[in-house]
Amino acid sequence: MSKVIEVENLSKIYKGNIKAVDDISFDVNAGELFGFLGPNGAGKTTTIKLLTTLASITSGKATVLGYDVTKHPNMVRKSIGIVPQDLTIDNELKGIENVMLAAKLYRVPNQIAKKRVKNLLELVGLNDAASRLVSTYSGGMRKRLELIVGLVHEPKVLFMDEPTLGLDVNTRKIIWDYIRKLNIDKRVTIFMTTHYLEEADALCDVAAIIDRGKIRAQGSPQELKEIIGGELLTIELTKDRDLQDFFSSINGVKEVKKSGSTYGIKLGQAEDAIPVIIEGIYGRGIKIKALSCSKPSLDQVFLEVTGKEFREEEFAAAALRRQDIIARRG
Amino acid sequence: MLTETWALTVRELKKWIRTPATVFIALFQPIVWLALFGSAFNPTNLIPVSIGPTNLTPEVLAQIRQSILSQTFGNAPNYITYLTGGILSLLLLFTSAFSGGSLVLDRRFGYLNKLLVSPIPRASIFLSRVFATVVKGMIPSLIVFFVALSIPDGLKLDPSFSLLDGLLLFLTLFLLSLGFSSLFTAIAIRMTKWESLVAVVNLLNLPLLFSSSALLPVTSMPDWLQAIAKINPISKAADVTRTLIVQGSVDLSSMMFDMTYLIAFAAILTIAGGIASVIALRTE
């Protein structure tokens, strides 16, 4: 597989000695959906800015499609698409005008642009709304339009910064579907950032966990979950029976702890293991009094790979740092 | 560069036309100014018709008054005629002052970043605002010109005023607008807040206006102010348009210096503003 993005020892230090990105290295292969996972202020947006030529590199090297972002910014710009964190669609233009304007700026010949725009609008289900002013769109519609505005010039790589930030659960799932479609049907390599673990889980082939400018862990969502230790299944039985050996023998169970009639079972792959566990319990004529299953959350991932809690102060401090950077950059 | 500049200029103009209130105000405001300055604030009324018990006959008094007026306001038959060129210059100054406004908003809403990650020449971001603003100023100025002509006791053109004079008049206004739009766009290129822009515009607008011959003749000013007024491009534009209106282009040579001055003003500010913008929009 050819490498579409190559990053070597990349650092970005803003004025005031703020290390936004601290010596990170990673590769993104062609066709991959690569996720950058981390809390606010971790350095995700800065990384995107460096890769999309919006911010200059302090040290290290980054290439996109073989073009060095510092030496050949215009070649990089021609070959990438971007879906920024903020909604940057022009409200006072019609949906189709926004997309056609992008086509003009990327010098897509008019006839080709018209065809592409029609297809793209169909892809995200905005055909009927295309001739309406964007100010009449819902948040989800705007995001969908935003997705395709970055695609009229058929870029090989698409950068998406928090594509579902602030959207409700249903809309988020719809956007996920479109992102998958772009990745698979249009064969676009996608680099996205998110602070939702479930988003990285649902979409990404590879995810890197970033905190305070450093990559703490990297791998497929499955591999990352296994670092955390997977889901925790808590079962309370009606009787105190020793099932430790049985639970330990099941494929996908990593650790079993017993406390009276309650078992805490750490699972690698919950989907496969839970039915086997339940059938086993019932097969032994035992009844379950209570059962709960907790999925690994960002808190747990974070705790595991950074060794510290993902507390509110952390959020606040990170948010402040970020605001500071935004104010500085304007 | 032309393709991108044109595409972005069209974006600005579409947004302008789609907000009829601003278009309406752009037309309405200078007409109100004409009416207000031209009537209520009419300085010719300050010259008395009679001066109490005197040996002078009313005929002599009228002659004196007329001679004071023509010495002060040139050969303008009324104050509105004197004022129209000034008001048109003023209109273009005021519309140009906010030429950077959409840039500030684009920066705030992230649209500018989207432009910056696209492979467009940076100068097209600057030029599109400048050209759009020039159009947004020139269209109302044309309408105001015809309104001033049509109101009773309004603008009275010299009988020799030709189509060529009309073209020269609007060329003058175009140059003024181009220069100021470039200046104010360049000022706004790094701004993040609308409030800062309003503050700068307020800081510059009225001093630029009152240190010019747009509303009153330079001769009515103290020496130090006259010195400033003489190099103020608004004075140049007001003087040229006024001369064209009052006497036509009989004396082209007297206008040559002012026109050259305005061409230089527009060219220098457009080029300097363009270069400053390209530098300001470089990757940090």
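In this predicted model, Leu158(A) is in contact, once its neighbours within four places in sequence are left aside, with Gly81(A), Val83(A), Gly150(A), Leu151(A), Leu182(A), Val188(A) and Ile190(A). Two of these names, Leu158(A) and Ile190(A), return when one turns to the largest nonpolar core, which holds 73 residues and in which they belong, together with Val99(A), Ile148(A), Val152(A), Val157(A) and Phe159(A), to the group that touches the most other members. The largest share of this core is supplied by α3(A), with 6 residues. Separate from it is a second core of 57 residues, and among its members are Phe73(B), Tyr79(B), Leu127(B) and Phe184(B).

From the cores we may pass to the place where the chains meet, where 23 residues of chain A are in contact with 22 residues of chain B. On the side of chain A that touches chain B, at least two residues come from each of α2 (73–79) and α3 (95–105) of chain A, and it is α2(A) that gives the most, with 4 residues. Helix α3(A) therefore appears in both settings, because it supplies at least two residues to this side of chain A and also 6 residues to the largest nonpolar core. Sorted by class, the side of chain A that touches chain B has 9 nonpolar, 6 polar and 8 charged residues.

The backbone of chain A also deserves attention. Most residues other than glycine have a negative phi. Against that background, Asn9(A), although it is not a glycine, has a positive phi of about 45 degrees, and this residue lies in strand β1 (residues 3–14) of chain A. Asn9(A) counts as exposed because it has 12 C-beta neighbours inside 10 Å, and 12 or fewer is the cut-off for that class. Arg212(A), which is likewise not a glycine, also has a positive phi of about 45 degrees, but its setting is the loop between β9 (206–211) and β10 (214–219) of chain A. With 19 other C-beta atoms within 10 Å, Arg212(A) is partly exposed, since a residue is called buried if that number is 20 or more.

In chain B, finally, Ala227(B) has its place in helix α10 (residues 223–231). Ala227(B) is exposed because 12 other C-beta atoms lie within 10 Å. Between the C-alpha atoms of Ala227(B) and Leu92(B), which are 135 residues apart along the chain, the separation is 23 Å.

Technical notes: Residues are numbered from 1 along each chain as its sequence is written. Chains are lettered from A and ligands numbered from 1 in the order in which they are written. This is a predicted model: local features need pLDDT of at least 70, side-chain atom pairs count only at pLDDT 80 or more; totals for chains, interfaces and linings use all residues. Two residues are in contact if their C-beta atoms, placed from the backbone, lie within 7 Å. Ala, Val, Leu, Ile, Met, Phe, Trp, Tyr, Cys and Pro count as nonpolar, Asp, Glu, Lys and Arg as charged, and the others, Gly among them, as polar. A nonpolar core is a set of buried Ala, Val, Leu, Ile, Met, Phe, Trp, Tyr and Cys residues joined through C-beta atoms within 7 Å.
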